[in-house]
Amino acid sequence: FSVTADNAAERLADTEGVSIRLYTIIYRLIEDIEKALKGMLAPEFVEKTIGKAKVLATFSVSRFKVAAGCRVTDGEIRRNGKIRVIRNDKVIFDGEIGSLKREKDDVREVREGFECGLALKQFHEFQEGDLLECYVVEEKPF
């Protein structure tokens, strides 16, 4: 602290690619180290379930072949969320929503107690009684 590097140390640091930082307050040193570590650590992601729905009926549509008529039983279904299709207590598909409609209107979300039409991007084998679990992946704060 409160010390400068001599010329030989500066030249060696330049050739080795090491930065020299001068501090007079220890808290600034600690802050810089924390920032550097946060930048080096890979972010941790956590799945958060935001809603569940039950397939009541299936119907044909041209773009996605088969869509599901659903009732949201818990939380909400969001278009930007991901969906797990669960049949007989086994996950048979995990992917993205292709279309979410409420009475012929495209919507961003459907809340608990309401019905909706839902089509997935790469899954077309819905059956009545399938459970749909909507979740989002969020970055866990440090």
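These legends describe close-up views of a predicted model.

**View A. Arg84 pairs with two glutamates in this predicted model.** Arg84 sits in strand S3, which covers residues 82-87. The side chain of Arg84 makes a polar contact of 2.2 Å with that of Glu47. A polar contact of 2.7 Å links the side chains of Arg84 and Glu133. Arg84 is buried, at a relative accessible area of 12%; the cut-off for buried is under 20%.

**View B. The wider surroundings of Arg84.** Neighbours within four places in sequence are left aside here. Arg84 then contacts Glu47, Val91, Phe93, Asp94, Leu131, Leu132, Glu133 and Tyr135. Leu132 also belongs to the largest nonpolar core, shown next.

**View C. The largest nonpolar core holds 21 residues.** Ile77, Leu118, Leu120, Phe126 and Leu132 touch the most other members. At least two residues of this core come from each of strands S1 (44-61), S2 (65-78), S3, S4 (90-102), S7 (115-120) and S8 (131-140). S2 gives the most, with four residues.

**View D. Leu118 and its contacts.** Leaving aside neighbours within four places in sequence, Leu118 is in contact with Ala67, Ala68, Cys70, Ile77, Ile97, Ser99, Leu100, Phe126 and Leu132. Among these partners, Ile77, Phe126 and Leu132 are, with Leu118 itself, on the list of core residues that touch the most other members.

**View E. Cys70 and Cys116 are not bonded.** The whole structure contains zero disulfides. Cys70 takes part in none, and the nearest cysteine sulfur, that of Cys116, lies 4.9 Å away. That separation is too far for a bond, because a disulfide requires sulfur atoms within 2.5 Å. Cys70 is buried, with 1% relative accessible area. Cys116 also counts as buried, at 6% relative accessibility.

**View F. Arg108 in an exposed position.** Arg108 lies in the loop between strand S5 (105-106) and strand S6 (109-111). Its relative accessibility is 74%, so Arg108 counts as exposed; the cut-off is over 50%. Not counting residues up to four places away in sequence, Arg108 touches Ile77, Arg78, Arg79 and Leu100. Of these, Ile77 is a member of the largest nonpolar core.

**View G. Arg108 and Gly81.** In sequence, 27 residues separate Arg108 and Gly81. In space, their C-alpha atoms are 9.8 Å apart.

How values were computed: Residues are numbered from 1 along each chain as its sequence is written. This is a predicted model: local features need pLDDT of at least 70, side-chain atom pairs count only at pLDDT 80 or more; totals for chains, interfaces and linings use all residues. Side-chain values use heavy atoms; hydrogens and water are left out. Buried means under 20% relative accessible area, exposed over 50%, partly exposed in between (1.4 Å probe, protein chains only). Contact means heavy atoms within 4.5 Å. A polar contact is a pair of N or O atoms within 3.5 Å; within protein, one must be able to donate a hydrogen and the other to accept it, and residues adjacent in sequence count only if both atoms are side-chain atoms. A nonpolar core is a set of buried Ala, Val, Leu, Ile, Met, Phe, Trp, Tyr and Cys residues joined through side-chain atoms within 4.5 Å.
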